[in-house]
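Student: Hey, could you walk me through this one? I'm new to it.
Tutor: Sure, let's bring it up.

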Amino acid sequence: MITSTSNSQVKQVSAIAKRAKARRESGLFIVEGEKMFAELPKERLYRTYVAESFLRQQGEGADRLLAGCRYETVTDEVMKAMADTQTPQGILALCRQFSYELSDILGEKAAESKGRREQAPAQLIILETLQDPGNLGTILRAGEGAGVTGVIMNSTTADIYNPKVIRSTMGSIYRVPFVYVEDLAGAIRSIKGAGVRLYAAHLKGKKSYDQEDYAGSTGFLIGNEANGLSEAAAELADAYIKIPMLGKVESLNAAVAASILMYETARQRRNRRN
């Protein structure tokens, strides 16, 4: 059992929780809590830490959760030193990061439909310099629910392995493909070249978002919370759309706007299938 906060493993976990550089260099990220641990693909599991109070309180539940896993028992004080949350849930895992390429996201996706396998249209979210970890995590979580097939981000978007992002995804980090790109404009051109029609919510938009047809392969450009999309990125969109609003509201939270667009796409496609 690890009893000292000076232990080298404790310091490594704490660094990975707090610093993006440590996450990049190690190729690891942390997840906390029973739900996130239970849903973690076991091939991603690198090391597990469990608080002694968790084992005592959960009893057989802990045995079932940890079945087949090697783990280190730590004191509650050590768990608090490692965890990113104020009130640790008693179980924490170091995990291997995912590795996707843009070609993976743009590749053909097979979908089961009435006993046949057919190519499903893409639904992509393209993020430019999104900064809030909660927004990024929410977009992944809502994106999974809406059937998003991939998330593309430029290098100045928030770190998807930030523990706050991980918690906000509620497990969607494991299931939604994502990639960072150094050249966002080049990536957008590749996406368009793959037959994806791109939309940007923009002040110049003439049509309401629900007046467009998203049945084919579709992508939405979402910009920075404070400044929106850069002019260079917006100019690469195939069409500008607007989200009509009442009252004195001028704009929506980035995650809310993205969710509206993703779920409108899901609604249209669902209606086409019925």
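**The pocket and a sheet**

Tutor: The largest pocket holds about 720 Å³ of space. A pocket here is an open set of points on a 1 Å grid where a 1.4 Å probe fits, with protein on both sides within 12 Å along at least five of seven lines, and lining residues have an atom within 4 Å of a point. The volume is the space filled by probe spheres set on the points.
Student: Which residues are closest to its centre?
Tutor: Ala-201, His-202, Leu-203, Glu-250 and Ser-251, out of 22 that line the largest pocket. Strand E12 (218–222), strand E13 (239–242) and helix H12 (254–273) each give two or more residues to that lining. Helices (at least four residues) and strands (at least two) are DSSP runs.
Student: Is this model predicted or not, and how are things counted?
Tutor: It's a predicted model: local features need pLDDT of at least 70, side-chain atom pairs need 80 or more, and totals for chains, interfaces and linings use all residues. Residues are numbered from 1 along each chain, and side-chain values use heavy atoms, without hydrogens and water.
Student: New topic: what order do the four strands of the open sheet take?
Tutor: E1-E4-E2-E3, with mixed pairing; strands pair if DSSP finds at least two bridges between them.
Student: Why is one side of E1 and of E3 left without a neighbour?
Tutor: Strand E1 (28–32) and strand E3 (72–74) stand at the edges and each has a single partner strand, so one side stays free of a neighbour in the sheet.
Student: How do E2 and E3 pair?
Tutor: Strand E2 (residues 45–51) pairs with E3 in the parallel sense over three bridges. Ala-51 has Val-74 in E3 as its bridge partner.
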